[in-house]
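Biologist: I'd like a close look at one part of this model, the nonpolar core. Walk me through it slowly, and then show me how the parts around it fit in.

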Amino acid sequence: MDSKQKVLNMIGLATRAGKVKSGEFSTEKSVKSGRARLVIVAEDASENTRKMFENMCRYHHVSVSFFGSKEELGRAMGKEMRASLAVEDQNLAQAIGKQMTINGGSEV
């Protein structure tokens, strides 16, 4: 199994554990409330979405990564396409972040 698939599997695990908020509104709320530990934005998300989360996460001191496609992120969560998601568990966020680094995902 490649490391990209491992990241997607970990996102699925975090989702089943109830530790993921997805969609633009929920992700934004998670960041602003201080619960988000890692924000993942799809690489094919719009430039506005990418920039908004990049700036918001920098301001709130939350790690943000650009990884996968909207379809892949949605499928990993068992949902429709998702452009953004927030992982709210520190240990899961660290594990996913570490796996993304191995995979060459870009972290800001």
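Modeller: Start with the residues in the middle of things: in the largest nonpolar core, which has 30 residues, the ones that touch the most other members are I11, V39, I40, L73, L85, V87 and I96. By nonpolar core I mean a set of buried Ala, Val, Leu, Ile, Met, Phe, Trp, Tyr and Cys residues joined through side-chain atoms within 4.5 Å. Buried stands for under 20% relative accessible area, exposed for over 50%, and partly exposed for what falls in between, with a 1.4 Å probe and protein chains only. Two or more residues of this core come from each of α1 (3–16), β2 (38–41), α3 (47–60), β3 (63–66), α4 (70–77), β4 (84–87) and α5 (90–103). As a rule, nonpolar side chains in soluble globular proteins tend to be buried together.

Before going further, a word on the ground rules: this is a predicted model, where local features need pLDDT of at least 70 and side-chain atom pairs count only at pLDDT 80 or more, while totals for chains, interfaces and linings use all residues. Residues are numbered from 1 along each chain as its sequence is written, and side-chain values use heavy atoms, with hydrogens and water left out.

Now zoom in on L85. Setting aside residues up to four places away in sequence, L85 touches I11, V20, K21, S22, T27, L38, V39, I40, L73 and M77, where a contact is heavy atoms within 4.5 Å.

L38 turns up in that list, and L38 deserves its own stop. You'll find L38 in strand β2, where it counts as buried because its relative accessibility is 2%. Again leaving out residues up to four places away in sequence, L38 touches V62, S63, S65, L85, A86, V87, A93, I96, G97 and M100. For a sense of distance, L38 and S26 are 12 residues apart along the chain, and their C-alpha atoms are separated by 13 Å.

From L38, hop over to Q90: the two are 52 residues apart in sequence, yet 8.2 Å apart in space, C-alpha to C-alpha. Q90 belongs to helix α5 and is partly exposed, since its relative accessible area is 38%.

Another of the L38 contacts is S65, which sits in strand β3. S65 counts as buried, as its relative accessibility is 1%. Measure C-alpha to C-alpha and S65 is 6.3 Å from V39, with their positions 26 residues apart in sequence.

Step past β3 and you reach S69, in the loop between β3 and α4. S69 has a relative accessible area of 19%, so it is buried. Apart from neighbours within four places in sequence, A42 and D44 are in contact with S69. Next comes E71, in helix α4, which is partly exposed because its relative accessible area is 48%. E71 and A83 are 12 residues apart in sequence, and 8.4 Å separates their C-alpha atoms.

On the other side of β3, the loop between α3 and β3 holds H61. H61 counts as exposed, because its relative accessibility is 75%. Its phi is near 55°, a positive value in a residue other than glycine. For background, most residues other than glycine have a negative phi.

Finally, pull back to the chain. There are five helices and five strands, running α-β-α-β-α-β-α-β-α-β from the N terminus on; these are DSSP runs numbered from the N terminus, helices being H or I with at least four residues and strands E with at least two. The radius of gyration is 12 Å, close to the 13 Å that the globule rule gives for 108 residues, so the chain is as compact as a globular protein of that length. That radius is taken over C-alpha atoms, and the rule is 2.2 Å times the number of residues to the power 0.38. Of the 108 residues, 44% count as buried. Among contacts between residues at least 6 apart in sequence, 78% join residues at least 24 apart.
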